Amino acid sequence: MFTGRRWSVRLRLTLIAVSMTVVSGIALIAIATFSVHDLAGSFRTEEAAGAALQSVHLAKRGRLPPVVPPGKTDGMQLLNAKGEIIASTPNLVGAPRMANFTPPATSVRQDREVCDIPRYPGRCMDVVAFRIYQDEGDWILYAAAGPVPWHVHPELFALVIGASLAIMAVTAAGTYRTVTGALVPVKAIGRELEEITATDIGRRVPVPVARDEIRELAETINQTLDRLEAAAEQQRRFTSDASHDLRSPLAAMRAQVEEALHYPDDVDWKAKTRAMLGSLDRLQAIVSDLLVLAELDSGVPARHERIDLGALVGDELDRRERRVPVDRDLKPGVAIIGNRIRLARLLTNLMDNAERHAVSQVSVRVNLDGGTAVMEVSDDGAGIAPAQRELVFQRFTRLDASRNRDAGGTGLGLPIAREIARTHGGLLRLEDSTRGARFVLRIPLHPGPGGVPRPPSPNP
């Protein structure tokens, strides 16, 4: 079945344009026809009145013959003061009086539409009546003008219809050509997109020269392809790094198992088991971090609630086994909206990183900065060079110093912490410090009544 859904865009737009032109043309033809019809009717009545005035002039001079030439009327009758017909046009000779009205005493002319005149059965005529002043009494001259056809004149109506059809044809052709030209770059964009595959995502669609909506579409598509290419490249790097980090513990366990199988009598099974458990722990940590990142990347919503950031940090620090002393300064009443489990994971990752690199102490601060909650975790270790501060937030990135001191790290803790901060509308970054590394988390405060951030409670 041929339905509108299968029609092309250019055909649909052309049909819409032609339909609108047809509707507008019909309306204009109707308005023009009615207007011209009224004008033609008035003009015809005035023509009859002009011919009647000539007869009035002759009647006043006594020179009007009994049979009057019709001129530009459909008929005339002259009545004397007694109401007798004393002159008429040839077609009304012997006919009764065509009208019974007379102009008012204060006027010499009156026009009326009279229907069913005996000599004009079934027709309505425009009749003009003139009062002729005579000594013995007023005479009345009637002049009749027939109705104008609804189409006024066949040639005029044909001209209007022809002009309307020509306008429709020009509109259809112009619309079709315009839409066809406008869709040329769309087709080029479509062909290019069809040829772009996952292995050839570096290509871009052509951008039209004209600064119109199609150019904006092409630019948007290219921006999307840029993001897809960046995401694909990040995915490739992530997969490569993940496979490398997963292979390392697996290769270590395989080597230990093969050694045990080759020299079963010389194996210290307890030591071998502890070594394999270490590899399994590292493997489990990598898998766990990968699952957390997958959950964060998928945008799965988490339950958010009002949280006192200082109280949350204090509770988590109380649960941890301390490897180094922790100096804490936690301001109470710093309220935010967030997920308690994810924020606890963020703090844990920062603390694990700080304790691995600290020499003698880790410091944790929770404070207020305007309308922002601020949490700082710093250590007194070697620190990180400014040029490498963003590198630590890349997945599976561990600096050389970190690899030398801590070969068991997954390289995912800090990226996970930054993603958690992002899901809370916050920002996690490395900032300047006099010694060691200082990680600073900034999250918007929970608004109080009227949208005003809640002020922190005073220190006890």
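**A guided tour, from α6 and α8 outward**

Begin by selecting helices α6 and α8 (residues 413-423) in this predicted model: their axes lie 9 Å apart and the two helices pack at an angle of about 145 degrees. Residues R342, L343, R345, L346, N349, L350 and N353 supply the α6 side of the contact, while G413, L414, I416, A417, I420, A421 and T423 supply the α8 side. The crossing of α6 past α8 is left-handed.

Stay on α8 and colour by accessibility. The buried residues of this helix are L414, P415, I416, A417, E419, I420 and A421. Several of the names recur from the contact with α6, among them L414, I416 and A417. Just after α8, select G425, where phi is positive, near 75 degrees.

Next, move to helix α5, residues 309-319. Which residues of α5 are buried? They are L309, G310, L312, V313, G314, E316 and L317. To see what surrounds them, display α6 (340-357) together with the strands β6 (305-308), β7 (326-330), β8 (335-338), β9 (362-369) and β10 (372-379); the buried residues of α5 pack against these elements. At the start of the helix, show the side chain of D308, one oxygen of which reaches to within 3.1 Å of the backbone nitrogen of G310.

Within α5, centre the view on L309. With a relative accessibility of 3%, L309 counts as buried. Leaving aside residues up to four places away in sequence, L309 touches V334, I336, V366, A373 and M375. A C-alpha to C-alpha distance is also worth drawing here: L309 and P332 are separated by 23 residues in sequence and by 7.7 Å in space.

From there, go to strand β10 and select D379. Is D379 buried or exposed? Its relative accessibility is 6%, and the cut-off for burial is 20%, so D379 counts as buried. The D379 side chain reaches the backbone nitrogen of G381 at 2.8 Å. Beyond four places in sequence, D379 touches A354, H357, A358 and Q361, as well as R435, G436 and A437.

For a separate site, select P103, in the loop between β2 (85-88) and β3 (109-117). P103 is buried, its relative accessible area being 1%. Its contacts, again beyond four places in sequence, are V108, R109, Q110, A129, F130, R131 and I140. One of these, R131, lies 28 residues from P103 in sequence, yet the two C-alpha atoms are 6.4 Å apart.

Now bring up helices α1 (residues 9-60) and α2 (residues 154-195). Their axes come within 9 Å and cross at roughly 155 degrees. Because this angle is over 145 degrees, α1 and α2 are roughly antiparallel to each other. The crossing of α1 and α2 is right-handed, whereas that of α6 and α8 is left-handed.

Finally, recolour the model by pLDDT. The protein has a mean pLDDT of 81, with 90% of its residues at 70 or more. Two stretches call for care. Over residues 401-408, pLDDT stays under 50, and the model has 12 contacts there beyond four places in sequence. Residues 449-460 likewise stay under 50, with 25 such contacts in the model. Where pLDDT is low, predicted coordinates should not be read in detail.

How values were computed: Residues are numbered from 1 along each chain as its sequence is written. This is a predicted model: local features need pLDDT of at least 70, side-chain atom pairs count only at pLDDT 80 or more; totals for chains, interfaces and linings use all residues. Side-chain values use heavy atoms; hydrogens and water are left out. pLDDT is the predictor's confidence in each residue, from 0 to 100. Contact means heavy atoms within 4.5 Å. Buried means under 20% relative accessible area, exposed over 50%, partly exposed in between (1.4 Å probe, protein chains only). Helices (H or I, at least four residues) and strands (E, at least two) are DSSP runs, numbered from the N terminus. A polar contact is a pair of N or O atoms within 3.5 Å; within protein, one must be able to donate a hydrogen and the other to accept it, and residues adjacent in sequence count only if both atoms are side-chain atoms. Axes are lines fitted to C-alpha atoms, for helices over the stretch in contact, and angles run from 0 to 180 degrees between N-to-C directions. Angles under 35 degrees count as roughly parallel, over 145 as roughly antiparallel, 65 to 115 as roughly perpendicular and the rest as oblique. A crossing is left-handed if the near helix is turned anticlockwise from the far one by less than a right angle, and right-handed if clockwise.
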